[in-house]
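Hi everyone, thanks for coming. Please have a look at the sequence and the structure on the screen, and then I'll walk you through a few things.

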Amino acid sequence: MDPVNLLKGMLEIYSPSGKEEKLAVFLRDELANLGFGNVHLDDVGNVYGEVGRGFPTILLCGHIDTVPGWIPVKTEDGKVYGRGSVDAKSSLAAMISAAYELGVKEMNGKVIVAGVVDEERDARGIHQLLRKRMKMDYAIFGEPSGIGNMTFAYKGRLAIKIRCRTETGHVGAQHLYSNAIEEVYGLWNRIREAFESKKSPHGIFYSATPCLTDIRSRRNSGSIPDECVLMMDVRLPPALGSVDGISLVKDVIEQYRRDNPDVTVAIVVTDRVEPFVADRNTVLMKALRESITEVLQKAPKFIKKTGTGDMNIFGSETGMPVATYGPGDAHLSHTKNEYIELEEYRISIKVYEKTVERTILEHRKLRSSLN
């Protein structure tokens, strides 16, 4: 197989969240043509394929959706440009390529490759994968860490919608009415200050970081705005789970209601993902670290990310040894200049392949010693 052609084929198919079907079918056909077993799509559009048999079973999981915004696919100066080239089609393409090579070797162990949907939005894909209750021992998630880094921790996330309602009247009588836009923005400032008061001296990863992502109002012509909706995103550090984050917001709102009895405030939590820190001393982490060191001739760095990933959800629910690794500069994710260095992409294939081989070997040694 040609890993670069596989990557380009994936990039040519525009697959923003909610519109992944064409890419899923493409990958299903590619996996079948490459000789993967048990190739299928599930109810939400995730695509799966397997190589090998026996134990242990290692999941290589990447997402097939991207953020919106088409980028023409082109190759220039050793780089491939395209939406998802970094986040994160190159990781999934590298996983497929590595799994194919492992299948050719007829390894004693199983690899399940999964391309999941909706990672950039509501994580329907990883939730569906978990509902399948597949037997697995380890999982690697494909996200841009850079080939010399291993991601072991992510912040959590809260998505919150707040709606403020007030009485309306003529704009000329503005001194008699509360303005819903001004009220919701004043409430937002209180919430931001509440999180700011809990800022950690140890840096941004350990601090909660709220962000105003949308604000919309309603009014009749010539009238004071009487309804305004605010959308906010809060990134949660390991010490502040979603329950605590929601409680903090609700406390601020309750005090605001007492101070502003003429304003009606409603809150809806539209999404939550818990922060997650993986164990750095597992067989999988050791295998990944040693593989990166062998390929690059230098030890990798462990990194923490202020975003979230499917590893958060999977790791929290299963307790399974997990890691996140993949080619690409994460700072290019979601940008209009997204590209992957082809050399980095090729190196990541070797790292995935060697990591799986080492994990299988060390797992079997450990099992033998316990018996």
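How many salt bridges does the count come to? The count comes to 21 salt bridges. Please keep in mind that this is a predicted model. I'll go through three of those pairs, then a network, and after that we'll turn to the cores, the cysteines and a sheet.

Let's begin with K110 and E50. These two form a salt bridge, and their closest N and O atoms are 3.8 Å apart. K110 belongs to strand β5, residues 108–116, while E50 belongs to strand β2, residues 47–63. That puts the partners 60 residues apart, so here distant parts of the chain are linked. Are the two side chains buried or exposed to some degree? K110 is partly exposed, at 23% relative accessibility, whereas E50 is buried, at 18%. E50 gets that label because its value is under 20%.

The next pair is R190 with D259. Their salt bridge has its closest N and O atoms 3.0 Å apart. Here helix α5 (residues 180–196) contributes R190 and helix α6 (residues 242–259) contributes D259, with their positions 69 residues apart in the chain. Both partners are partly exposed: R190 has a relative accessible area of 29%, and D259 comes in at 42%.

Now for the third pair. E294 makes a salt bridge with K354, and the closest N and O atoms are 3.1 Å apart. E294 sits in helix α7 (residues 283–296) and K354 in helix α9 (residues 342–370), so this pair ties together parts that are 60 residues apart in sequence. E294 is partly exposed at 35%, and K354 is partly exposed at 26%. There is also a network: R157, D233, R235 and D271 are joined by salt bridges that share partners.

On to the inside of the protein. In soluble globular proteins, nonpolar side chains tend to be buried together. The largest nonpolar core here has 75 residues. Among those with the most contacts inside that core are L27, L59, V111, L129, F314 and Y345. Which residues does L129 touch, leaving aside its neighbours within four places in sequence? L129 is in contact with N46, Y48, L59, C61, A114, V116, M134, M136 and F314. There is a second, separate core as well, with 26 residues, including I162, L187, Y256 and V265.

C61, from that list of L129 contacts, brings us to the cysteines. The structure holds zero disulfides. C61 is buried, with a relative accessible area of 2%. C164 is in no disulfide either. Why not? The nearest cysteine sulfur, that of C228, is 7.2 Å away, and a disulfide calls for sulfur atoms within 2.5 Å. C164 is also buried, at 0% relative accessible area.

Last stop, a sheet. Strands of a sheet pair through backbone hydrogen bonds, either parallel or antiparallel. In this one, three strands form an open sheet in the order β3-β4-β15, and the pairing is antiparallel. Which strands are at the edges? They are β3 (74–76) and β15 (339–341), each of which pairs on one side only. From one strand to the next, the twist averages 25°. Between β3 and β4 (residues 79–81) there are three bridges, and T75 has V80 in β4 as its bridge partner.

That's my tour. Thanks for listening, and I'm happy to take questions.

Key:
Residues numbered from 1 in each chain as written. Predicted model: local features only at pLDDT ≥ 70, side-chain atom pairs only at ≥ 80, totals over all residues. Heavy atoms only, no water. Core = buried A, V, L, I, M, F, W, Y, C linked by side-chain atoms within 4.5 Å. Buried < 20%, exposed > 50% of the residue type's maximum accessible area, 1.4 Å probe, protein only. Contact = heavy atoms within 4.5 Å. Pairing = 2+ DSSP bridges. Helix = DSSP H or I, 4+ residues; strand = E, 2+ residues; numbered from the N terminus. Axes fitted to C-alpha atoms, helices over the stretch in contact; angles between N-to-C directions. Salt bridge = Lys/Arg side-chain N within 4 Å of Asp/Glu carboxyl O.
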